[in-house]
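Here is a short tour of one protein model. Keep the structure in view as you read.

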Amino acid sequence: MIHEKQREKKKDAASKSKVQEYIEAIIIAILIAVVIRTFVVQAYKIPSRSMVPTLLVGDHLLVNKFIYGVKIPVIRRPLIPVTDPKRGDIIVFIYPKDRTKDYIKRVIGVAGDKIEIKNKNIFINDRPYKDSFGIYSDHMIYPAIIQPRDNFGPVTVGVGSLFVMGDNRDESADSRFWGFVDLKDVEGKALIIYWSWNSDEHDSLLKKIRWERLGKILH
């Protein structure tokens, strides 16, 4: 009887040890996932047409959060500075008008740049900008007195700020309408499309998946 009780105690201790190991493994996995999401990479979904054709509604992205430096959560001060966003980068950032939302746009101007738009043509530092990513779907050109979409500026990008625009120039609410992005509010750089889902496709589930977009590196 004594030996049986000792065996049972050993079994109970071994079971408790295994449960403890599982719990510890789960906690460590959660902590690693939180650290990765906070400082290294995070997934985002595209909800609007503002970056068409580069990004489509239903694209799912991985965003590199480390490339612009590790920021202290909440106060968002750089803990480990790496580099700043460059002209042409696709960035995710906190929307200045509603800090509960994230926006994604392309960097057009960095600190010190003079930005001006004349009849849909972008000028940076008084020189035409080679707008290789932008598309224009509306032939109407509005004067600046009506709205800033097609005629804007000139403005100079301040220190610690960025001027951003959506690639779908005529359907994007961006720096032309609500101003600059603060560098400290930049979340990261769009890296790759890992999934793309066309919800407007009704024929079949397989056709809803945009296979050709999976794994696309973003530029």
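## Strand β1 and Gln 42

A strand here is a DSSP run of E with at least two residues, and strands are numbered from the N terminus. The model is predicted. Gln 42 lies in strand β1, which covers residues 41-45.

Is Gln 42 buried or exposed? Its relative accessibility is 10%. Buried means under 20%, so Gln 42 counts as buried. The side chain of Gln 42 also makes a polar contact with the side chain of Tyr 44, at 3.4 Å.

## An open sheet of four strands

Strands of a sheet pair through backbone hydrogen bonds, either parallel or antiparallel. In this model, 4 strands form an open sheet, with antiparallel pairing. Their order is β9-β8-β7-β10. Which strands lie at the edges? They are β9 (127-128) and β10 (152-156). Each of these edge strands pairs on one side only.

Now look at β7 and β8. Strand β7 spans residues 114-118, and strand β8 spans residues 121-124. The two run antiparallel and are joined by 4 bridges. Within this pair, Ile 115 of β7 stands opposite Ile 124 of β8.

## Pro 154 on an edge strand

Pro 154 belongs to strand β10, one of the edge strands. Its relative accessibility is 47%. Exposed means over 50% and buried means under 20%, so Pro 154 counts as partly exposed.

What does Pro 154 touch, leaving aside its neighbours within four places in sequence? It is in contact with Lys 114, Ile 115 and Glu 116. Ile 124 is 30 residues away from Pro 154 along the chain. The C-alpha atoms of Pro 154 and Ile 124 are separated by 9.3 Å.

## Strand β5, covered on both faces

Strand β5 covers residues 90-94. How many of its residues are buried? The count is 5 of the 5, so β5 is largely enclosed by the rest of the structure. Take the two faces in turn. Ile 90, Val 92 and Ile 94 are buried on one side. Ile 91 and Phe 93 are buried on the other.

Strand β5 pairs with β6 (residues 102-109) in the antiparallel sense, over 5 bridges. Here Phe 93 stands opposite Tyr 103 in β6. Strand β5 also pairs with β13 (residues 186-196), again in the antiparallel sense, over 3 bridges. In β13, Gly 188 is the bridge partner of Val 92.

Terms used. Residues numbered from 1 in each chain as written. Predicted model: local features only at pLDDT ≥ 70, side-chain atom pairs only at ≥ 80, totals over all residues. Heavy atoms only, no water. Pairing = 2+ DSSP bridges. Buried < 20%, exposed > 50% of the residue type's maximum accessible area, 1.4 Å probe, protein only. Contact = heavy atoms within 4.5 Å. Polar contact = N/O pair within 3.5 Å; in protein donor to acceptor, adjacent residues only side chain to side chain.
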